[in-house]
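Q: I should like to learn how to read the features of a protein model in a systematic way. Where should one begin?

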Amino acid sequence: MPNPSPGYSITVRVTAPVGAGTTSTLAGAVASVKGAMTALDVVESHPDHMVIDVTCDASDVEHAEQIASAIADVPGVVVGKVSDRTFLLHLGGKLEVVPKVPLKHRDDLSRAYTPGVARVCTAIAENPEDVRRLTIKRNTVAVVTDGSAVLGLGNIGAAASIPVMEGKAALFKQFADVDAWPVCLDTQDTDAIVEIVRALAPVYGGINLEDISAPRCFEIEARLREMLDIPVFHDDQHGTAIVVLAALTNALRVVEKSLDTVKIVVSGVGAAGHAIIRLLVAQGATNIVACGRNGILSPDDTSDSFRSWIANNTNPEARSGSLRDALVGADVFIGVSAPDILTGSDIETMAERSVVFALANPVPEVDPVAAGRHAAVVATGRSDFPNQINNVLAFPGVFRGLLDAHAVEITDDMLIAAARAISDSVSPSELNPTYIVPSVFDAAVAPAVAAAVRGVAGAGREDDV
C-alpha cells in the first residue's frame, strides 16, 4: 500500500462517549488500518458525549473508507459526516479576480472606467506597444488545454481539466507573482485550438500549453510560436526537460560522472521524452538510447517527424531490442512512460553508481525502494519520496523572466540557463543522493530561474508611465 498522503485526507465527524480513553481509542482505530491521524479536534463537549473531528491521511479512496469504517467500529462511537478535504478545498474553485485599484467613489470610476479609460484605449490604438505597460498583458499568462492528456487521467475533456488548470494558475501566482488564468477549450481539433489561441492572445503576455496529447501538441506549439509575438511554452515538454536536466546535473555530480560520457536510456518518446532528449543533446549528451512501447527506437519504426528526430539523434551504437536490453550497462535511466515496467533486477543490470529517474505518476516505472537497492541516486515525480522532479521548480520562474524581459520566443539557451539556476540552488554542502533538487517551497528558486532567463532573453524595458 502506498504511503498515506494529504491528497487523500479526510475528516470524520463522530459522536463519542465522554471518557479519558476516548481520544486514544480513536487514534488506535485509525492506526489499526495504517491511517495517519493528523488532527483530533473536540467540536462540542457535553456531560455525556463529545463531538469530535478526526482528521487523517489515507493512501487512496478505498483506504479512506477503511479508516472511516474502523472508527465506526469503536464501541459507543457514531460516525456522522465523512468529508474529503481535497474536495472541500475545491468548492467554488481555487481562483478569484481582485481589482488592483480602488473603486470607492465617482473619481475612481471616472479614471478606471468611463470616461477616462477611453483615452487609454486611444493611446493603445495609436501605439500598440503600449498595451504591455497599460494593461494586464505585462503580467498575464493563459494556461491552455484541451483536456486530452490530463495528468495520469488521460483524455477527460475540457471541463474535467479545470481543477488542474486552476491549480497551475495558483502556482504561478504563489511562486512568481504571475497572473495566470485557465483557458480550457472544448475542442481537440488542432486547427481550431491554434485559431482560438491566436485570437485571444492580445490580452496575454505568454501562453502555457498544458496537458495536450502528443503528437498534436508539437504542431500546436510550433504553429503558435510562428504566428504569435509572445512566448509559447509547453510545460509538459519544456518544464519537465528543465527540471530533469537540473536534477541530472546534480545527480551526476553525486556519482562523479559526466553528461558527455554517460549512457542514458529514456523510456517514453512522447512530449516529455522528446523535449528531455532535445535538451540533453543541446547540453552535450552524446549517448542516449530512446525506447518506446516496442523497445529501442530506430528510423524504421518512426511514425512522425518528432519520433524521426529522436531516432536520428539517439542510439549511436545502432542497438536494437527491448527497454531491458537497453538498460544493461547504462549509467542513467529516465522514465516518462508507464507504471511498473521495470523491476529492481532490471536496475541491477545497469552500471555501477547508476542514476534512476522514474517519473511516471502516480506509479513510477520501477518501485523506488527496489531501485534504491541498486542505484546510487533515485528520483520520482512523487512528493512522498526524496528527489521529487516537479515542474513547479521551473515554469513560474521561467515565465517571470520571460514577462520581465518582454520576450517573444523561448530558446534552448533559456531552458539550459533555467536548469542551471535550479541545479545551482542546491549548494555543494547540501548535495547528496537524496537531495539533488531544491524544495519546491524554496523561495529563492523562482527568482533565480527568472534572473537566468532574463539574462538570456534581455533585460526588458521600463514599464512606468
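A: Begin with the domains, whose bounds come from an automatic or database domain assignment. The model shown here is predicted. The protein is divided into domain 1 (6-90), domain 2 (136-230) and domain 3 (236-464). Taken over C-alpha atoms, the centres of domain 1 and domain 2 are separated by 40 Å.

Q: Which residues does the annotation "domain: ACT" cover, and what are the helix and strand contents there?

A: According to the unreviewed UniProt entry, that annotation covers residues 11-85. Over this stretch the chain is 45% strand and 32% helix, and its end C-alpha atoms lie 7 Å apart.

Q: How is a sheet to be read, taking the one with strand order 2-3-1-4?

A: Two strands count as paired if at least two bridges are found between them. Here four strands form an open sheet with antiparallel pairing. Strand 2 (36-45) and strand 4 (78-84) each have a single partner strand, so one side of each is left without a neighbour in the sheet. Direction ignored, neighbouring strands are turned by 20 degrees against each other on average. Strand 1 (residues 5-17) pairs with strand 4 over five bridges in the antiparallel sense, and Thr15 stands opposite Val78 in strand 4.

Q: Which helices pack on this sheet?

A: Helix 1 (residues 22-32) lies across strand 1, strand 2 and strand 3 (49-58), at about 25 degrees to strand 3. Helix 2 (residues 61-72) touches strand 1, strand 3 and strand 4, and its direction makes about 155 degrees with that of strand 3.

Q: What is the pairing in the sheet of order 6-5-7-8?

A: This open sheet of four strands has parallel pairing. Its edge strands are strand 6 (179-184) and strand 8 (232-234), each pairing on one side only. On average, neighbouring strands are turned by 25 degrees against each other, direction ignored. Strand 5 (residues 140-145) and strand 6 pair over six bridges, with Val141 opposite Ala180 in strand 6. Helix 16 (residues 395-404) packs on the sheet and touches strand 5, strand 7 (206-209) and strand 8; its direction makes about 160 degrees with that of strand 7.

Q: How many disulfides are there?

A: A disulfide is a covalent bond between the sulfur atoms of two cysteines. The criterion is a pair of cysteine sulfur atoms within 2.5 Å, and the count comes to zero. Cys184 is in no disulfide, because the nearest cysteine sulfur, that of Cys217, is 17 Å away and the cut-off is 2.5 Å.

Q: Is Cys184 buried or partly exposed?

A: Cys184 counts as partly exposed, at 24% relative accessibility. Cys121 is partly exposed, with a relative accessible area of 47%.

Methods. Residues numbered from 1 in each chain as written. Predicted model: local features only at pLDDT ≥ 70, side-chain atom pairs only at ≥ 80, totals over all residues. Heavy atoms only, no water. UniProt positions renumbered as here; feature names shortened; annotations may be inferred. Helix = DSSP H or I, 4+ residues; strand = E, 2+ residues; numbered from the N terminus. Buried < 20%, exposed > 50% of the residue type's maximum accessible area, 1.4 Å probe, protein only. Axes fitted to C-alpha atoms, helices over the stretch in contact; angles between N-to-C directions. Contact = heavy atoms within 4.5 Å.
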